[in-house]
Amino acid sequence: LDIAEHNGLCSLFEHLINDCGDVWKMCHVAYEVTGMKEMQIESFYKHYDAFYIDNCDIIKKYKAKPFAKIEKCSEQDGIISQNLFRKCSHEISSNVYQDIQDMNDERSILQYLCAALVKIGDSCS
């Protein structure tokens with residue numbers, strides 16, 4: 001990974017977390033959005049080789065933040081749980097995507113999306 005690619009990857013993470021993550025503010029309070037952004041950063045960190053992303057500002061800020069998280073399950077159980085959540089949330093979001101294709105009212109779409117997020121939270125957790 002050269003410097004340009006590294007900078008591009010860091011910029012992508014920044015954009016996904018900060019700009020795209022702000023969309024969650026439509027349906028969630030600030031502390032929930034912060035938690036969701038932190039989970040997304042953690043997911044990126046676990047998915048990508050730390051060597052490539054450790055120097056990204058967003059990763060540095062995340063790693064410097066004190067956490068009081070206690071691991072509640074083994075890594076294997078965590079992976080299984082994540083896969084189950086991913087499957088459940090994908091099924092719901094795929095249905096939502098199909099349903100909103102015929103909708104024209106932006107407010108109705110937002111309400112439908114927020115309801116789907118609640119359904120994911122209730123059904124997939």
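# A six-helix protein, held by bridges and disulfides

The accessible surface of this protein comes to about 9400 Å², and 56% of that belongs to carbon and sulfur atoms. Keep in mind that you're looking at a predicted model. The protein has six helices and zero strands, so its pattern along the sequence reads α-α-α-α-α-α, with helices and strands taken as DSSP runs numbered from the N terminus. Here's a tour, from the overall picture down to a few residues worth finding on screen.

**The overall picture**

- Of the 125 residues in the protein, 22% are buried.
- Take the contacts in the protein with a separation of 6 or more: residues 24 or more positions apart account for 54% of them.

**Helix 2**

- Look for helix 2 at residues 30–47, a run of 18 residues.
- From its first C-alpha to its last, helix 2 reaches 26 Å, which is close to the 26 Å expected at 1.5 Å a residue.
- Its buried residues are Val33, Met36, Lys37, Glu38, Ile41 and Phe44.

**Lys37, a lysine to zoom in on**

- You'll find Lys37 in helix 2.
- Why does Lys37 count as buried? Its relative accessibility is 15%, and the cut-off for buried is under 20%.
- Setting aside neighbours within four places in sequence, Lys37 is in contact with Ile17, Asn18, Gly21, Asp22 and Trp24.

**Salt bridges**

- Side chains of opposite charge can pair when their charged atoms come close.
- How many salt bridges does a search of the whole structure find? The search turns up two.
- One of them pairs Lys37 with Asp22, and the closest N and O atoms are 2.7 Å apart.
- Lys37 sits in helix 2, while Asp22 sits in the loop between helix 1 (3–20) and helix 2, so this pair ties together parts that are 15 residues apart in sequence.
- Asp22 also meets Lys25 in a salt bridge between their side chains, at 3.5 Å from N to O.
- Put these together and you get a network of salt bridges linking Asp22, Lys25 and Lys37.
- The residues of this network vary in how much they show: Lys25 counts as exposed at 53% relative accessibility, Asp22 counts as partly exposed at 28%, and Lys37 counts as buried at 15%.

**Disulfides**

- The count of disulfides comes to two.
- Cys10 and Cys56 form a disulfide, with their sulfur atoms 1.9 Å apart.
- Cys10 is in helix 1 and Cys56 is in the loop between helix 3 (50–53) and helix 4 (57–64), so the pair ties together parts that are 46 residues apart in sequence.
- Which hand does the disulfide of Cys10 and Cys56 have? The torsion about its S-S bond is about -75°, so it's left-handed.
- Are Cys10 and Cys56 buried or exposed? Cys10 is buried, and Cys56 is buried too.
- Another disulfide joins Cys27 to Cys114, with an S to S distance of 1.9 Å.
- This pair links distant parts of the chain: Cys27 is in the loop between helix 1 and helix 2, Cys114 is in helix 6 (residues 106–123), and they are 87 residues apart.
- The disulfide of Cys27 and Cys114 is left-handed because the torsion about its S-S bond is about -65°.
- Cys27 is partly exposed, with a relative accessible area of 29%.

Terms used:
Residues are numbered from 1 along each chain as its sequence is written. This is a predicted model: local features need pLDDT of at least 70, side-chain atom pairs count only at pLDDT 80 or more; totals for chains, interfaces and linings use all residues. Side-chain values use heavy atoms; hydrogens and water are left out. Helices (H or I, at least four residues) and strands (E, at least two) are DSSP runs, numbered from the N terminus. The expected span of a helix is 1.5 Å times one less than its number of residues. Buried means under 20% relative accessible area, exposed over 50%, partly exposed in between (1.4 Å probe, protein chains only). Contact means heavy atoms within 4.5 Å. A salt bridge is a side-chain nitrogen of Lys or Arg within 4 Å of a carboxyl oxygen of Asp or Glu. A disulfide is a pair of cysteine sulfur atoms within 2.5 Å. Accessible areas come from the Shrake-Rupley method with a 1.4 Å probe; for residues, only the protein chains shown count as cover.
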